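Hello,

Here is the structure we talked about, with the sequence alongside. Please have a look at it first, and then read on for what turned up.

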Amino acid sequence: MEASWSIRLREWFSVSVSETDAVPDQHLALAALLVEMMRADYRDQGSERDTVIGMLAKCCGLGNGEAEALLARGEQASNQSVSLFEHTRTLDVTLSEREKFAVIEALWEVAYADNVLDGKEDYLAHRLADLLHVRHSDLMRIKNQVLERKQDG
């Protein structure tokens, strides 16, 4: 039983979700957190929305249509949640350290999608990393990697 649990944890990013399947809790939690980051600066940026869709597709192994549907579910979950803890808890207890790093990377990608890091986005990234038990040094390393890619691309 323990081996299958380990395998499931490592493979959750590559699980495909069809319209008839239930959305895995991790996918919905990730979508809700990305929505929170998208909304953090109170500006409606198409680039941030497109980045969320792209990150959901990449992290969850979805097509664009499925990622858009997951984004809509994530928006609903974000609207109905009373705290970040309910979403971070799901990810914190089910993900490996490497998978948590991928979540942090996705958050930074959304934060920098409009090429401006708002103070609220920076605060949110730090808060979410804390709730996911990601060390500050790893948070900053991932942030710098995202920034380098943005500058090179």
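**What we found**

Asn 115 is exposed, since its relative accessible area is 60%, and exposed here means over 50%. Please keep in mind throughout that this is a predicted model.

Asn 115 sits in the loop between α6 and α7. Its backbone is worth a look too: phi of Asn 115 is near 65°, which is a positive value in a residue other than glycine. For context, most residues other than glycine have a negative phi. A second residue with this feature is His 133, with a positive phi of about 60° although it is not a glycine. His 133 belongs to the loop between α7 and α8 (136-152), and at 60% relative accessibility it counts as exposed.

**The overall picture**

The protein has eight helices and zero strands, so following the sequence you simply read α-α-α-α-α-α-α-α. Of its 153 residues, 47% count as buried. Among contacts with a separation of 6 or more, 75% join residues 24 or more positions apart.

**Helix α6**

If you only have time for one element, please start with α6, residues 97-111. How far apart are the end C-alpha atoms of this helix of 15 residues? They are 21 Å apart, and this agrees with the 21 Å that the helix should span at 1.5 Å a residue.

α6 is also largely enclosed by the rest of the structure, because 11 of its 15 residues are buried. The buried residues of α6 are Glu 99, Lys 100, Phe 101, Val 103, Ile 104, Ala 106, Leu 107, Trp 108, Glu 109, Val 110 and Ala 111. You will notice that Glu 99, Lys 100 and Glu 109 are in that list, and these residues count as charged.

**Two helices against α6**

Which helices pack on α6? One of them is α2 (residues 25-39), whose axis is 9 Å from that of α6, at an angle of about 30°. Angles under 35 degrees count as roughly parallel, and α2 and α6 are therefore roughly parallel to each other. The crossing of α2 past α6 is right-handed. On the α2 side, the contact uses Leu 30, Leu 33, Leu 34, Met 37 and Met 38, and these meet Val 103, Ala 106, Leu 107, Val 110 and Ala 111 of α6. By class, this contact of α2 with α6 has 10 nonpolar, no polar and no charged residues.

Another is α3 (residues 46-60), with the axes of α3 and α6 coming within 8 Å and crossing at roughly 160°. That makes α3 roughly antiparallel to α6, and their crossing is right-handed. Here Glu 48, Thr 51, Val 52, Met 55, Lys 58 and Cys 59 of α3 meet Glu 105, Ala 106, Glu 109, Val 110 and Ala 111 of α6. The contact of α3 with α6 has six nonpolar, one polar and four charged residues. Ala 106, Val 110 and Ala 111 of α6 take part in the contact with α2 and also in the one with α3.

**Helix α2 and helix α7**

α2 packs on α7 as well: their axes come within 9 Å and cross at roughly 155°. That makes α2 roughly antiparallel to α7, again with a right-handed crossing. Leu 33, Glu 36 and Met 37 of α2 make the contact with Glu 121, Leu 124, Ala 125 and Leu 128 of α7. By class, the residues of the contact of α2 with α7 divide into five nonpolar, no polar and two charged. Leu 33 and Met 37 of α2 appear in this contact and in the one with α6.

**One residue to click on**

Lastly, try Lys 120, which lies in α7 (residues 119-131). Is Lys 120 buried, exposed or partly exposed? Lys 120 is partly exposed, with a relative accessible area of 43%. Leaving aside its neighbours within four places in sequence, Lys 120 is in contact with Ala 40 and Tyr 42. Lys 120 and Ala 40 are 80 residues apart in sequence, yet C-alpha to C-alpha they are 5.8 Å apart in space.

Happy browsing, and best wishes

Technical notes. Residues numbered from 1 in each chain as written. Predicted model: local features only at pLDDT ≥ 70, side-chain atom pairs only at ≥ 80, totals over all residues. Heavy atoms only, no water. Helix = DSSP H or I, 4+ residues; strand = E, 2+ residues; numbered from the N terminus. Expected span 1.5 Å × (residues − 1). Buried < 20%, exposed > 50% of the residue type's maximum accessible area, 1.4 Å probe, protein only. Axes fitted to C-alpha atoms, helices over the stretch in contact; angles between N-to-C directions. Parallel < 35°, antiparallel > 145°, perpendicular 65-115°, else oblique. Left-handed = near helix turned anticlockwise from the far one by under 90°. Contact = heavy atoms within 4.5 Å.
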